[in-house]
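Colleague: I'd like to go through the labels on this one and hear what stands behind each of them. Can you take me through it?

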Amino acid sequence: MPFAAPRDAAVIDIGSNSVRLVVYRLEGRAIWTVFNEKVLAGLGRDLGDGGRLNPEGVAQTLAALKRFRAVLEAVKPAETFIAATAAVREAKDGAAFVEQIKAETGFATRVLSGEEEARYAALGVLAGAPDATGVVGDLGGASLELVRLETTGAGLGVTLPLGPFSLGLSEGFDLEKVRRLCAQRLAPAAQAFRTDVFHAVGGAWRNLALLHMRLAGYPLHVVHQYSIGRAEALDAARLVAHQSKSSLDRIEGMSKKRSETLPYAAVVLEQLIESLDLKRIEISAYGVREGLLFEAMPPGVRRLDPLVEGCASLGARQGVADELGAALDAWLAPALAQLPPCFDQRDPVLASAACRLADLGARLHPDHRADLVFEQVLRAPIAGQTHAERAFLAAATFARHATAFTPPELDVLERLLSPGRLKRARAVGAAIRLGCDLSGRSAPLLARSRLAIDKGDLLLAAEPGYADLLLGEQTAKRAGALATILGLKLKITAL
C-alpha cells in the first residue's frame, strides 16, 4: 500500500478534571502526537455539591479554549473534534456552558453520552492494540466508563459515578467511605463485566502505572501496554490508597492536583480487581481522543496493522529508499517461516515491522547509528506492540547496523526477552543487514536473489544473470554472521 500523505487532526477534550488540546499527525494508520497541552481545570469538582460546574473550572476552561483556538488558527488542521464528557453531560448548567463556549470561542462542542464515551474509549484501545479483548475502563474526573471488547469490536458499555469528584473529593479522602461507595456502585455491573484482562484508560491510572514502574525497578518507562498482574496491581493500589497527600506530593513528577485524585483512582482499581475478578491490568495511552480519530479513518485504513504502519512511517521519515522495507519483508519471509515460533502468530508482524525500520539509520553517522536507532525504536510512540515486542524490534534494529551485539541497554533486553527471543531478534537484524548490503538497498535488485533455510543449511542464491551479486567479501561476511546466529551451515550458489 502506498505511503499515505500526512495530515493533521486536532482533538479538544473537555473532561471533568482536565481540558486538553492534542494535535496529531496522521500518516495512514500511524498516529503521531505533535502537540499536547492540558489544563487541570477541575470542571466537575463540585458535581457532588448541587450538580453544577465549578466556577473556577469554568473560567480556566474558557481561558484554555481561547488559547487553543489561537493555536488551531495557526496550525489549521484538516479536522478538529471537540468533545465534552461527564462533567458537562451531568451538570445542571452543562447545556448553558456549551452555549457559552460557542459564544466566546466559536467552538461547537459535542457532548458525549456515557455510552458514546465508553465506545470511543474502546475504539481508542483498539486503535492502539487491535487484538485487545476483555474490558476497557476509562476513569475520568467524574465517571468510570466500562465497555466489553469482543473479537468483533466494542460491545456492552455502561457509565458509573466512580470518578474522584463523584466519590466526594471536595469532602476529603475517607478510605473506608470511598471503598464502600465503590463497592455499592460497581455491584450492579460486576457480573456483566467480569473478565481476565482489563484495559485501563485515563491519566490517574497512567500515573499509578508509572509509580508501579518505579517501585518495581522496571527499566522501560513506556506506559502504553504496560502490563501488571493481579497481585502486584492490588499491592500498588492499596499502597497508594494508604498514602497521605503530603507523601504523594513528594513523588517526582506528580502534580498537586493529580495527587489529590490518585487515592480515589487506586481504590476504584482495587474494587474493580476484586469485583470483576481481574487477572491482568494493561495500561492504554490511547482513549477517547484516539477513538474519535480511529472512527473517522476509512475502513481499509482501520484494518491495517498499527505496528507495521507506524514503523513504515518512521522509516519513511528518516530513510532514503522508500520501497526497501516491503522488499526486505518479501525476501525474508520464506526463510523466517522455517524457524520455530517465538511470538506465535506475531512473528511475521514483527519481522514486517523490523523490515520497515531497515533504513532508519540512513541519515545518521555510521559510528553512532546502531545506538541511536536502538534508543529510538525502544521508546518510539508507535502503537500495537507489547513491551517485549518493543525490545525485540530495538534489538533487531541494533543488529541490523552492528556486527558485535553490544546495545546500550542490554539489561533491558535481557529483562524483557527470553534468550530465544533475543537470539531471534539478532537473527532478523542480521538478515536485514545482509539483504541491505547484498542489494545496495535496491528493492528491484534484492528481488533477484533468494534466501532460504533447508534443514541445516542457510541458502543464499541469485537468479541467472545475477550471480555477480553473490561475489565479494562483505556478502560472505554478512551471510556467515546470519548462519552463525542461526546455527546453520552457509551455502552460496547461483540458481
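Modeller: Here come the rings first, then the sheet, then one annotated region.

Modeller: Some ground rules: this is a predicted model, where local features need pLDDT of at least 70, side-chain atom pairs count only at pLDDT 80 or more, and totals for chains, interfaces and linings use all residues. Residues are numbered from 1 along each chain as its sequence is written, and side-chain values use heavy atoms, with hydrogens and water left out.

Colleague: Why is the pair Phe173 and Tyr264 called edge-to-face?

Modeller: Rings of Phe, Tyr and Trp (its six-membered ring) pair if their centres lie within 6.5 Å; planes under 30 degrees apart are stacked, over 60 edge-to-face, and the rest tilted. Phe173 and Tyr264 sit 5.0 Å centre to centre with 75° between the planes, so they pair and the label is edge-to-face. By this rule there are six aromatic pairs.

Colleague: What makes Phe173 and Tyr264 a link between distant parts of the chain?

Modeller: They are 91 residues apart: Phe173 is in the loop between β8 (153-160) and α5 (175-190), and Tyr264 is in helix α9 (residues 256-275). Helices (H or I, at least four residues) and strands (E, at least two) are DSSP runs, numbered from the N terminus.

Colleague: And how do you know whether Phe173 and Tyr264 are buried or exposed?

Modeller: Buried means under 20% relative accessible area, exposed over 50%, and partly exposed in between (1.4 Å probe, protein chains only). Tyr264 has 1%, so it is buried, while Phe173 has 31% and is therefore partly exposed.

Colleague: What about Phe198 and Trp205: what makes that pair edge-to-face?

Modeller: Their ring centres are 5.6 Å apart and the planes stand at 80°, so edge-to-face it is. Phe198 is buried because its relative accessibility is 0%, and Trp205 is buried because its value is 2%. Elsewhere, ring pairs link Phe374, Phe398 and Phe405 into a cluster.

Colleague: Why do you say Arg421 sits over the ring of Phe343?

Modeller: The rule wants NZ of Lys or CZ of Arg within 6 Å of the ring centre and within 35 degrees of the ring normal. The charged end of Arg421 is 3.7 Å from the centre of the Phe343 ring. Arg119 also lies over a ring face, that of Tyr120, at 4.7 Å from the ring centre.

Colleague: On to the sheet. Why do β1 and β2 count as paired?

Modeller: Two strands pair if DSSP finds at least two bridges between them. Strands β1 (residues 7-14) and β2 (residues 19-27) are joined by eight and run antiparallel, so they count as paired. Asp13 stands opposite Arg20 in β2.

Colleague: And what makes the pairing of the open sheet mixed?

Modeller: Its five strands come in the order β3-β2-β1-β4-β5. Next to that antiparallel pair, β1 and strand β4 (residues 79-84) pair in the parallel sense over six bridges, with Ala9 opposite Glu79. β4 and β5 are parallel too, over two bridges.

Colleague: Which strands are at the edge?

Modeller: β3 (30-39) and β5 (110-111), since each pairs on one side only.

Colleague: What does the record say about residues 351-491?

Modeller: An unreviewed UniProt entry annotates them as "domain: Exopolyphosphatase C-terminal"; positions follow the numbering used here, feature names are shortened, and annotations may be inferred rather than shown by experiment. In the model, that span is 55% helix and 11% strand, and its end C-alpha atoms lie 23 Å apart.
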